[in-house]
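Please open the model in your viewer and keep the sequence panel visible beside it. The tour proceeds by selections, each followed by a short account of what is to be found there.

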Amino acid sequence: MSRYEVVGDWGTSRLRLFRIEQGRVTARHDGPGIAAAAGQAEAAFAATIAPWLEEAAPTEIRLCGMAGARDGWVEAPYADCPADAATWRAAAARFDWRGVPVAIMAGLACTGTAGAPDLMRGEETQIFGAIARDPALGQGRRLIVLPGTHNKWAVVQDGRVTSFRTMPTGELFALLRDRSTLGAPADRPDPAQEAQGFADGLRRAEEEGRLLSSLFAARSMRLRDGRSADWSEGYLSGLLIGSEVAEILATSGLATPGQADDIWLIGDARLSVRYAQALGRRGVPSETLDGDACSLAGLS
């Protein structure tokens, strides 16, 4: 009977559990996100891990993300920035589940430039995992960008997350695409049209610099210029991402072209490529790291 531990990233939309044996991932199970669990997080977790429990219980379970949210499984605290990996690990919520020790990793909290609190859950695991995979990232000043529903722009100084800024660009994009007149469903997806729309949206963000007055073109260009629904979706994505990058570079002080070599993107490969394009148009190069690999390294 093999000994194993379980680590998992439990977000709003999905649960990803990884079985670790002798330092290697030997299996994976996916389950519902915290939103779909609807207050029944423990039951959802038990159902997802059940095939492994039939063989034997794990020696340890470690989870990050929305599992530690107030409406998750067990609420975990936020570690205040500046925070290094040791501070973050010490703040985890720990308990026993069916005789197995469980750790739900803490989030991070900081005070934004406008004095409002800012929060992250899950992204900090990828940040500390990236540093564990490449210790050079823990030296000097780095800007780590984590694209997603709520994008994070985190400043890391000598291995400590000193501050970060959240931009809810992914959530805004989904709302505009799915629940507004600016988006439209595509009958037959056309990747070329979508890519052209994305490039046009980036260009509009760069040349015009006015988000609100540029949004309606996603609809008007379909009605008057014959643009497709795919073009419109790409345009919205490019306009929002381009505007986000412009705001960060111009107003936050988190990044300047002089620090370009220190910008790292962690997350979904397709989304990271889009952010790299937006940064590249403004003369800011970046490097990309795999989000799953960084999550596993942080949890391990």
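A residue is called buried when its relative accessible area is under 20%, exposed when that area is over 50%, and partly exposed in between. The model shown here is predicted.

**First stop: a proline in a loop**

Select P285, which lies in the loop between α10 (269-281) and β14 (287-290). Is P285 buried, exposed or partly exposed? Its relative accessible area is 43%, so P285 is partly exposed. Now add I263 to the selection. P285 and I263 are 22 residues apart in sequence, and their C-alpha atoms are 7.4 Å apart in space.

**Second stop: strand β10 and its partners**

Select residues 141-146, which form strand β10. Five of the six residues of this strand are buried, so that β10 is mostly covered. Next, add residues 151-157, strand β11, which runs antiparallel to β10 and is joined to it by six bridges. A hairpin of four residues connects β10 to β11. Then add residues 263-267, strand β13; this strand runs parallel to β10, with three bridges between them.

Which residues does V145 face in these two strands? In β11, V145 stands opposite W153. In β13, the bridge partner of V145 is L265. As a general point to keep in mind while viewing, side chains in a regular strand alternate between the two faces of the sheet.

**Third stop: a sheet of three strands**

Select β5, β8 and β9, which form an open sheet in the order β5-β8-β9, with mixed pairing. Why do β5 (78-80) and β9 (117-120) each have one side without a neighbour in the sheet? Both stand at the edges and each has a single partner strand, so one side of each is left without a neighbour. Neighbouring strands of this sheet are turned by 30° against each other on average, direction ignored.

Within this sheet, look at β5 and β8 (residues 107-111), which run parallel and are joined by three bridges. Select D80 to find one such pair: its bridge partner in β8 is A109.

**Fourth stop: a hairpin with two residues between its strands**

Select residues 93-97, strand β6, together with residues 100-104, strand β7; the two run antiparallel and are joined by five bridges. W97 stands opposite V100 in β7. Two residues lie between the strands of this hairpin, where R98 takes a positive phi near 55°.

**Fifth stop: the largest nonpolar core**

In soluble globular proteins, nonpolar side chains tend to be buried together. Select L108, I127, V161 and F164, the residues with the most contacts inside the largest nonpolar core, which has 33 residues. Elements that give two or more residues to this core include β2 (14-21), β8, β10, β12 (160-167) and α11 (291-299). Which element gives the most? It is α4, with four residues.

**Last stop: the largest pocket**

Rolling a probe the size of a water molecule over the atoms shows where empty space is left. The largest pocket holds about 1,500 Å³ of space. Select S13, P147, G148, T149 and H150, which lie nearest its centre among the 49 residues of the lining. Then select residues 169-179, helix α5, which gives the most to this lining, with six residues. Colouring the lining by residue class divides it into 17 nonpolar, 15 polar and 17 charged residues.

Definitions and conventions:
Residues numbered from 1 in each chain as written. Predicted model: local features only at pLDDT ≥ 70, side-chain atom pairs only at ≥ 80, totals over all residues. Heavy atoms only, no water. 1 Å grid on protein atoms, 1.4 Å probe; cavity = no way out; pocket = protein on both sides within 12 Å on 5 of 7 lines; lining within 4 Å. Points joined across faces, edges and corners; volume = space filled by probe spheres on them. Nonpolar A, V, L, I, M, F, W, Y, C, P; charged D, E, K, R; others polar. Pairing = 2+ DSSP bridges. Axes fitted to C-alpha atoms, helices over the stretch in contact; angles between N-to-C directions. Buried < 20%, exposed > 50% of the residue type's maximum accessible area, 1.4 Å probe, protein only. Core = buried A, V, L, I, M, F, W, Y, C linked by side-chain atoms within 4.5 Å.
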